[in-house]
Amino acid sequence: MNKNDEIEVKIELMLALKCKLEKIKQWNAETFPDATPEGQLAKLDEEFGELDEAKTMEEREKELADIFIVLGGLLRWGSRLANYVLNSLLETMPTEILEKLLKAIDAKMEVNEERTRKGLWKKQPDGSYHH
């Protein structure tokens, strides 16, 4: 694949991610109507901690997906921090990792949507939600 083709693929993947984040933002608003930016930031901090503790590549991919899902939720409030973190992570992300990330987000959102159907989300004292 030449450089131009690779750039086109990455742009397509980034557009796909943007669409996913928009859907996550809507899901977050519907699922957690009383969520707050502070609660989402607490959850983001927790997810970065879990990424740091991940031992395998598979665990890291799942935790990175969780981070992007939380960032998608933060977009509800037009969070500059969420946009900055998203852009910073994506700026240096290789295309193959972006492809894996999109799949990991899909897989994790299937799990999250099932938890939503089962009513498993519980609000925590810090404003974040856990299952």
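**View 1. Asp-66 and its partner across two helices.** Asp-66 is buried, at a relative accessible area of 8%; buried here means under 20% relative accessible area, exposed over 50%, and partly exposed in between (1.4 Å probe, protein chains only). Asp-66 makes a salt bridge with Lys-108, with 3.3 Å between the closest N and O atoms. For the cut-off, a salt bridge is a side-chain nitrogen of Lys or Arg within 4 Å of a carboxyl oxygen of Asp or Glu. Asp-66 sits in helix 3 and Lys-108 in helix 5, so the pair ties together parts 42 residues apart in sequence. Lys-108 counts as partly exposed, at 21% relative accessibility. Helices (H or I, at least four residues) and strands (E, at least two) are DSSP runs, numbered from the N terminus.

This is a predicted model, in which local features need pLDDT of at least 70 and side-chain atom pairs count only at pLDDT 80 or more, while totals for chains, interfaces and linings use all residues. Residues are numbered from 1 along each chain as its sequence is written, and side-chain values use heavy atoms, with hydrogens and water left out.

**View 2. The whole chain, for orientation.** Going from the N terminus, the elements run α-α-α-α-α-β-β. The radius of gyration is 15 Å, close to the 14 Å that the globule rule gives for 131 residues, so the chain is as compact as a globular protein of that length. That radius is taken over C-alpha atoms, and the rule is 2.2 Å times the number of residues to the power 0.38. The C-alpha trace spans about 50 × 30 × 25 Å along its principal axes. Buried residues make up 37% of the 131.

**View 3. Inside the largest nonpolar core.** A nonpolar core is a set of buried Ala, Val, Leu, Ile, Met, Phe, Trp, Tyr and Cys residues joined through side-chain atoms within 4.5 Å. This one has 31 residues, and Leu-17, Phe-68, Leu-71, Met-93, Leu-98, Leu-101 and Ile-105 touch the most other members. Two or more residues come from each of helix 1 (3–31), helix 2 (37–53), helix 3 (57–74), helix 4 (80–91) and helix 5 (95–117). Helix 3 chips in the most, with eight. Zoom in on Ile-105: setting aside neighbours within four places in sequence, Ile-105 is in contact (heavy atoms within 4.5 Å) with Leu-17, Lys-20, Ile-24, Ala-65, Phe-68 and Ile-69.

**View 4. Lys-123 reaching Asp-34.** The side chains of Lys-123 and Asp-34 meet in a salt bridge at 3.7 Å, N to O. Lys-123 is in strand 1 (residues 122–123) and Asp-34 in the loop between helix 1 and helix 2, so to speak a long-distance call, 89 residues apart. Lys-123 is partly exposed at 40% relative accessibility, and Asp-34 is partly exposed at 45%. A search of the whole structure turns up ten salt bridges.

**View 5. A pairing within helix 5.** Glu-114 and Arg-117 form a salt bridge, their closest N and O atoms 2.9 Å apart. Both lie in helix 5, three residues apart, about one turn of the helix. Glu-114 is partly exposed at 31% relative accessibility, whereas Arg-117 is exposed at 60%. Elsewhere, salt bridges with shared partners join Lys-43, Glu-46 and Glu-47 into one network.
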